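Student: I would like a close look at one part of this model, the place where the two chains meet. Please take it slowly and then follow the side chains outward from there.

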Protein chains: 2
Amino acid sequence: MYLNVLTQCIPAPLFEGMWRHPEDQSALGYRSLDYWVNMAQQLESACIDALFFADIHGVYDVYQDSPAPSIQHSVQVPAIDPVLVIPAAAAATRNLGFAVSYSTSYHAPYQCARLFSSLDHLTGGRIGWNIVTSDLRLAVGTGLAEQCPHDERYDRADEYLDLVVRLWEDSWEAGAVRHDAASDTFADPARVHRVDHAGRWYRMSAPHQCEPSPQRTPVLYQAGSSDRGLTFAARHAELVFVALSGFRQGRERVEDLRDRARRQGRDPEGLRILQGMCLILGEDAAQARARAEEYERFSSRGGLTAKWCGWTGLDLASYPAEAPLSDLPAGQMRSVTDFLRQAGAGRELTVGDLREHVATPRRPNPHARLMLFGTPEQVADRMEMWLERTKIDGFNLMPCPPTLGTRDLCELLVPELQRRGLARKSYDTAERTLRERYFGSGVTRYVRAAENNGGNRHGG
Amino acid sequence: MYLNVLTQCIPAPLFEGMWRHPEDQSALGYRSLDYWVNMAQQLESACIDALFFADIHGVYDVYQDSPAPSIQHSVQVPAIDPVLVIPAAAAATRNLGFAVSYSTSYHAPYQCARLFSSLDHLTGGRIGWNIVTSDLRLAVGTGLAEQCPHDERYDRADEYLDLVVRLWEDSWEAGAVRHDAASDTFADPARVHRVDHAGRWYRMSAPHQCEPSPQRTPVLYQAGSSDRGLTFAARHAELVFVALSGFRQGRERVEDLRDRARRQGRDPEGLRILQGMCLILGEDAAQARARAEEYERFSSRGGLTAKWCGWTGLDLASYPAEAPLSDLPAGQMRSVTDFLRQAGAGRELTVGDLREHVATPRRPNPHARLMLFGTPEQVADRMEMWLERTKIDGFNLMPCPPTLGTRDLCELLVPELQRRGLARKSYDTAERTLRERYFGSGVTRYVRAAENNGGNRHGG
């Protein structure tokens with residue numbers, strides 16, 4: 001079973017309002033190297049596979065047509081650049097992996113390739129890239145990019161991926177670096193190639209700026225959930241984050257993902273599928289209940305609303321409370337199906353009902369969707385059930401509250417998983433890179449889908 | 001006197017071919033966190049002000065119309081991203097400052113502002129930004145940017161600077177961050193403002209993504225030498241790197257820079273001016289001579305030529321050796337004045353003569369231009385002379401060979417400067433930020449030139 005921990009360099013990552021928990025340290029810690037170094041060492045002591053940093057560019061400003069609610073309730077703002085936290089955390093650890101969201105919409109491929117080669121060198125092969133094709137509503141306001149339609153974004157990301165992988169895999173041959181002082185040859189130029197490319201979105205004619213790093217291509221993560229996103233993931237990704245809403249639908253989704261990989265000419269077992277889940281844990285039932293109460297008490301109604309509106313693009317403040325839900329744009333009804341399913345029968349639902357639903361944190365219970373709740377035994381039982389019934393490979397955990405939750409994950413949950421033989425008790429030192437950690441010692445190189453191997457599909 | 005050390009995350013920074021020195025560790029070390037952490041700790045133990053990282057995007061490919069000579073002789077390639085080295089070095093030090101070149105041509109202003117705010121938070125206020133407006137010959141090949149004329153580049157950089165400084169200084173008011181759990185107020189949105197801008201090159205309408213960091217605006221470094229570059233430096237920079245070729249011309253240049261700052265409505269003493277100099281040091285005269293011999297022996301003729309051609313844009317391989325120098329494009333003659341001055345009289349000079357000049361390392365001597373050479377006493381004498389005669393504020397030193405040279409700088413030269421009362425023996429702990437280190441305790445904030453203070457010059 002693979003265990004990642006998901007975070008973000010913001011106050012109280014993932015849990016709107018939890019910076020108010022009196023024992024949480026993330027409100028100051030998120031911008032301190034000590035905080036992140038300590039967290040990385042804690043996770044390494046529990047033999048976690050990787051610490052994964054989400055990211056955002058810009059400030060949500062849909063709710064009330066203003067950034068004010070996000071700023072007041074700290075909805076992913078303020079936010080510092082997670083890429084900068086990784087080198088310090090890597091210098092203080094030896095085995096823990098790191099992954100980070102990095103958008104194909106904000107950075108040129110050449111820059112992206114250099115960034116991850118640099119991180120791979122500096123971490124000694126412990127880096128993963130969560131490929132994000134950003135929703136650009138935010139980015140337009142920040143002058144970072146032009147908005148483009150969803151599916152076209154993925155076409156563009158396909159070209160981007162092919163290009164950065166060529167820089168990593170094809171530019172510097174194995175053995176190109178010589179360090180031969182006598183002939184004044186640092187590297188053999190006959191073995192270092194320009195990547196020539198003139199495609200629909202990108203142009204390039206240059207060798208990669210970095211010599212080969214331990215993994216060359218970072219471990220590729222993806223989290224697409226649309227049909228186009230799943231195809232993208234099946235084509236490129238080695239590790240996929242999912243948010244399965246239940247066992248049966250989950251099992252189907254997992255099989256579908258492996259099928260898609262097979263259709264791309266890839267080994268379906270070359271995909272690791274991790275289920276994202278909140279984790280609210282207590283040493284015993286009483287402490288678990290206390291944590292659940294804190295979660296409900298400190299969650300921010302305004303923050304939850306601002307985030308929901310930012311995600312869906314729908315300003316719930318712009319409709320009267322008594323308006324029927326059918327007044328909302330049709331495209332947004334998909335976002336409220338969860339609500340409709342729960343609240344359904346009896347009377348016509350209103351925007352006011354939806355607002356209340358959005359602003360209310362889900363009550364933690366052992367069967368809640370996308371949540372693991374309870375004692376270490378209860379949570380481990382539930383994790384086993386997820387593994388068996390859906391055939392996922394592991395979890396991407398979001399501990400709540402961030403600081404105490406991370407400690408309890410390491411000190412309470414992992415030991416229980418270790419007792420059951422579900423989690424490792426030590427790192428296998430033969431697995432020197434993050435890719436080897438996921439796929440076994442010796443599996444050092446990224447394998448491209450068959451159709452991507454041509455090299456010059458886009459010209460050159 | 002202020003002392004910076006200049007480096008780059010490449011094998012043998014600044015000295016083509018010196019990776020061949022048998023005791024140099026930079027050829028492997030440049031891509032290792034341990035190497036940089038050790039160097040930072042060494043510099044901190046000598047109370048150096050800041051470690052400054054140059055950078056490059058792309059691979060020089062002018063000489064022989066190919067990247068091959070740069071790759072063979074390691075002319076600023078391979079190169080990793082220096083921004084990533086700083087957090088690890090900062091986590092291992094408490095007082096040393098860091099600065100890094102970052103180009104206004106490759107990154108959107110919003111991204112730049114967030115990067116340096118993040119670095120300023122993570123380093124506790126120890127970051128400087130060397131503002132670079134890149135020569136884009138390289139970047140075009142890498143798909144990073146379009147080339148644009150030199151002076152227009154600076155106009156564009158002026159707009160860029162005004163914009164990022166507004167994000168740092170004007171978006172989040174002092175006291176905006178409240179951490180008030182009772183009212184669910186992380187920050188007071190009435191005190192956080194969008195930066196609205198619609199200028200010639202950039203558009204933006206968003207609040208800054210980061211809360212105020214210790215320095216807000218990083219210490220601004222600049223190294224322009226053209227007339228337009230000097231005006232840019234005088235308008236924005238707090239610390240200017242110069243390459244003065246002698247005492248008299250140097251004194252005039254220093255006065256001119258302070259005059260330009262005055263004409264921008266700035267305090268001319270608000271500029272620190274550091275002279276860039278190679279440093280070749282020996283414990284005694286015999287060791288200095290040995291170091292000089294190594295420098296000549298290990299310098300790479302091909303590497304020096306590839307770098308010169310990359311800088312000037314002139315491919316010396318494309319002319320016959322016997323061609324008269326007057327065959328070169330007129331615009332390039334400025335690059336060869338140094339050569340002409342030395343080699344001048346007697347016969348007509350040829351491209352072959354120039355090639356030989358370019359490929360030959362300057363012989364170290366105590367009076368060499370842009371070089372400090374000799375024993376600690378000789379070098380300290382020379383540094384004193386520079387300070388007195390030109391009124392510079394300090395030095396940006398490039399030790400050669402990189403690894404041993406840095407050690408000797410810390411262990412031989414700094415103690416000699418300390419004996420003379422020219423270098424500090426301990427950091428002043430009242431100076432908590434890099435800006436305070438350069439301008440005194442309490443000087444925490446960047447002061448904009450008067451004409452930049454309007455705020456909404458470009459719209460709003």
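Student: Which residue of chain A comes closest to the rotation axis, and at what C-alpha distance?

Tutor: The residue is A88(A), whose C-alpha lies 2.0 Å from the rotation axis. This is a predicted model, and every value below is computed from it. The axis itself comes from superposing chain A on chain B, which takes a rotation of 180° with 0.0 Å of shift along the axis and leaves an RMSD of 0.0 Å. The two copies are therefore related as by a two-fold rotation axis.

Next, the contact surface. Chain A gives 72 residues to the contact and chain B gives 72 residues. Because 100% of the interface residues of chain A are also interface residues in chain B, the copies meet through the same surface. The size of an interface is often given as the accessible area lost when the parts come together. Here chain A and chain B bury about 6,000 Å² between them, and 63% of that area is on carbon and sulfur atoms.

The polar side of the interface can be counted as well. Between chain A and chain B there are eight salt bridges. One of the residue pairs joined in a salt bridge is R20(A) with D184(B), where the closest N and O atoms are 3.7 Å apart. Polar contacts across the interface of chain A and chain B come to 30 residue pairs, with both residues at pLDDT 80 or more. On the side of chain A that touches chain B, several elements each supply at least two residues, including the helices α3 (68–73), α4 (85–91) and α5 (109–123) and the strands β5 (177–180) and β6 (185–187). The largest share, eight residues, comes from α5(A). Sorted by class, this side of chain A has 39 nonpolar, 20 polar and 13 charged residues.

For a single residue at this contact, take H73(B), which is found in helix α3 (residues 68–73) of chain B. Its relative accessibility is 10%, so H73(B) counts as buried. The side chain of H73(B) reaches the backbone oxygen of D184(A) at 3.0 Å. Leaving aside residues up to four places away in sequence, H73(B) touches D184(A) and F186(A) in the other chain, and W19(B), S300(B), G302(B) and G303(B) in its own.

Salt bridges also occur within a chain. A search of the whole structure finds 63 of them over all chains. In one of these, K307(A) pairs with E16(A), with the closest N and O atoms 2.6 Å apart. K307(A) is in helix α11 (residues 301–312) of chain A and E16(A) is in the loop between β1 (2–8) and α1 of chain A, so the pair links distant parts of the chain, 291 residues apart. Both K307(A) and E16(A) are buried.

A further pair is D49(A) and R424(A), whose side chains meet in a salt bridge at 2.8 Å, N to O. D49(A) sits in the loop between α2 (33–45) and β2 (50–54) of chain A, and R424(A) in the loop between α15 (402–419) and α16 (434–439) of chain A, with their positions 375 residues apart. The two ends are not alike in exposure: D49(A) has 1% relative accessibility and counts as buried, while R424(A) has a relative accessible area of 24% and is partly exposed.

E169(A) and R445(A) also meet through their side chains in a salt bridge, at 2.7 Å, N to O. Because E169(A) lies in helix α7 (residues 150–169) of chain A and R445(A) in the segment after α16 of chain A, the pair ties together parts that are 276 residues apart in sequence. E169(A) is buried, with a relative accessible area of 10%, and R445(A) is partly exposed, with 38%. Elsewhere, salt bridges that share partners join D155(A), D158(A), D162(A), R228(A) and R235(A) into one network.

Last, an exposed residue. V447(B) is found in the segment after α16 (434–439) of chain B. Its relative accessibility is 58%, so V447(B) counts as exposed. The C-alpha atoms of V447(B) and S245(B) are separated by 30 Å, and the two residues are 202 residues apart along the chain.

Methods:
Residues are numbered from 1 along each chain as its sequence is written. Chains are lettered from A and ligands numbered from 1 in the order in which they are written. This is a predicted model: local features need pLDDT of at least 70, side-chain atom pairs count only at pLDDT 80 or more; totals for chains, interfaces and linings use all residues. Side-chain values use heavy atoms; hydrogens and water are left out. Copies are superposed by least squares on the C-alpha atoms of residues with pLDDT of at least 70 in both. Contact means heavy atoms within 4.5 Å. Buried area is the accessible area (1.4 Å probe) that two parts lose on being put together, summed over both. A salt bridge is a side-chain nitrogen of Lys or Arg within 4 Å of a carboxyl oxygen of Asp or Glu. A polar contact is a pair of N or O atoms within 3.5 Å; within protein, one must be able to donate a hydrogen and the other to accept it, and residues adjacent in sequence count only if both atoms are side-chain atoms. Helices (H or I, at least four residues) and strands (E, at least two) are DSSP runs, numbered from the N terminus. Ala, Val, Leu, Ile, Met, Phe, Trp, Tyr, Cys and Pro count as nonpolar, Asp, Glu, Lys and Arg as charged, and the others, Gly among them, as polar. Buried means under 20% relative accessible area, exposed over 50%, partly exposed in between (1.4 Å probe, protein chains only).
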